[in-house]
Amino acid sequence: MLYFGYGSNLDVHNWAEWCENRGFDPASIEPVGPAWLPDYEPIFHYQSRLRKGGALDVRPRRGTAAPGALFRVHDWKGLDAKEGVSGSYYRRIPVTALTDDGRSHDAITYTVCEDRVRDFVAPGPEYRDVVIRGLRRFGHSTTQFEAVATGAAPPSTLGTLFVYGTLMTGQRTHDLVSGYLESVEGPARFHGGALVKVDWYPGMILDDSGVVHGEVFDLRDPEQALRVLDPYEDFLGYGRDDSLYRRSVVRVLTGGASRLAWAYVYTGDTRSLPLIPSGDWTKP
């Protein structure tokens, strides 16, 4: 089972020091790499005596994602002890974590128990620095975390959408998304996918050797835009196995720059679907 960490456990030194002081093995968790918890945002609403201030939690919010990392767990005892599971401080919950290759991963994370939730509790400077070091260790921006640490509304970490089919500019359902656009960044490509012709629309599947061509849009209001796009794409939510598409995270190239974006990956049966060799819906 994988563990998704988003707070102090991202920092290798903090984790090792805590384990050594309490007799646990720091090697009981093994880092896999950066990941995101989709439709969740970080928040400070829990007072930690150990941290002398607020300690981080996550709560649901469509259209954003909490940055963190996946770890392979060899023994849960150290994690459970650090998160205060026996004292009902944090509890384990099952989640779906996303990596920027478009893939999803079943994982466990920890959230604050409901009876310990308060209003905003500012983190102490030491804890703040620990989490920032951890986020940077895995290549994440700290902008969202630093906003949350002051009590401000967290900006979305994923306000960008990669489209490759009928939602593209000039295509038959572009009007569905056009009202939510802040800007059109232009042509983009995703290395790690391929296109199949599902019907009058395509589906992107994951293929390490393939390239999918499309466009990148900056969304003015990601939460509202995805409330419209999720049902259109027949995405019913994470943890469901009856969706036709899954809203995933991909890293795309546009204008020579790398961008992180939402994208809908086709999850239906592809055995009878023809491949679009060009990877470009506009040039089948």
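Colleague: Which element gives the most to the lining of the second largest pocket?

Modeller: Helix α1 does, with five residues, helices being DSSP runs of H or I with at least four residues and strands runs of E with at least two, numbered from the N terminus. A pocket here is an open set of points on a 1 Å grid over the protein atoms alone, with protein on both sides within 12 Å along at least five of seven lines, and lining residues have an atom within 4 Å of a point. This is a predicted model, in which local features need pLDDT of at least 70 and side-chain atom pairs count only at pLDDT 80 or more, while totals for chains, interfaces and linings use all residues. Residues are numbered from 1 along each chain as its sequence is written, and side-chain values use heavy atoms, with hydrogens and water left out.

Colleague: And which residues line the second largest pocket?

Modeller: Asn14, Glu17, Trp18, Asn21 and Arg22 are among them, together with Leu50, Arg51 and Lys52, and then Gly124, Pro125, Glu126 and Tyr127. Both α1 and α3 supply at least two residues of that lining, and the space in this pocket comes to about 320 Å³, a volume being what is filled by probe spheres set on grid points joined across faces, edges and corners. By class, the lining has five charged, four nonpolar and three polar residues, where Asp, Glu, Lys and Arg count as charged, Ala, Val, Leu, Ile, Met, Phe, Trp, Tyr, Cys and Pro as nonpolar, and the others, Gly among them, as polar.

Colleague: Lys52 caught my eye there; where is the place of Lys52?

Modeller: Lys52 sits in the loop between β2 and β3, and although Lys52 is not a glycine, its phi is positive, at about 55°. Its relative accessibility is 73%, so Lys52 counts as exposed (exposed is over 50% relative accessible area, buried is under 20%, and partly exposed is in between, with a 1.4 Å probe and protein chains only).

Colleague: Asp39 has a positive phi as well, so is Asp39 buried or exposed?

Modeller: Asp39 is buried, because its relative accessibility is 15%. Asp39 is found in strand β2, with a phi of about 60°.

Colleague: Back to the pockets, how much space lies in the largest pocket?

Modeller: About 560 Å³. There are 28 residues in the lining of the largest pocket, and Tyr46, Ser48, Ala55, Lys82 and Tyr90 are those that lie nearest its centre. The lining divides into 13 nonpolar, eight polar and seven charged residues, and the elements that each supply at least two of them are β1 (2-5), α1 (12-22), β2 (29-48), β3, α2 (77-82) and β5 (104-112).

Colleague: How many cavities of 30 Å³ or more does the structure hold?

Modeller: There is one, with about 50 Å³ of space in it; a cavity is a set of grid points where a 1.4 Å probe fits but cannot get out. Its lining consists of Tyr6, Pro42, Leu56, Ala66, Pro67, Val131, Leu135, Gln144 and Phe145. Those giving two or more residues to that lining are β3 (53-73), α3 (125-137) and α4 (143-148), and β3 gives the most, with three residues. The lining has eight nonpolar residues, one polar and no charged ones.

Colleague: Changing topic, how many aromatic pairs does a search of the whole structure find?

Modeller: The search finds 14, counting rings of Phe, Tyr and Trp (its six-membered ring) whose centres lie within 6.5 Å, with planes under 30 degrees apart called stacked, over 60 edge-to-face and the rest tilted. One of these pairs is Trp200 with Tyr201, edge-to-face at 5.1 Å centre to centre and 80° between the planes. Phe235 and Tyr238 also pair edge-to-face, at 4.8 Å and 65°; Phe235 is buried at 7% relative accessible area, whereas Tyr238 is partly exposed at 21%. Separately, Tyr3, Phe71, Trp76, Tyr110 and Phe138 form one aromatic cluster.

Colleague: Last one: how many disulfides does a search of the whole structure find?

Modeller: Zero, a disulfide being a pair of cysteine sulfur atoms within 2.5 Å. As for individual cysteines, Cys19 is buried with a relative accessible area of 0%, and Cys113 also counts as buried, at 12%.
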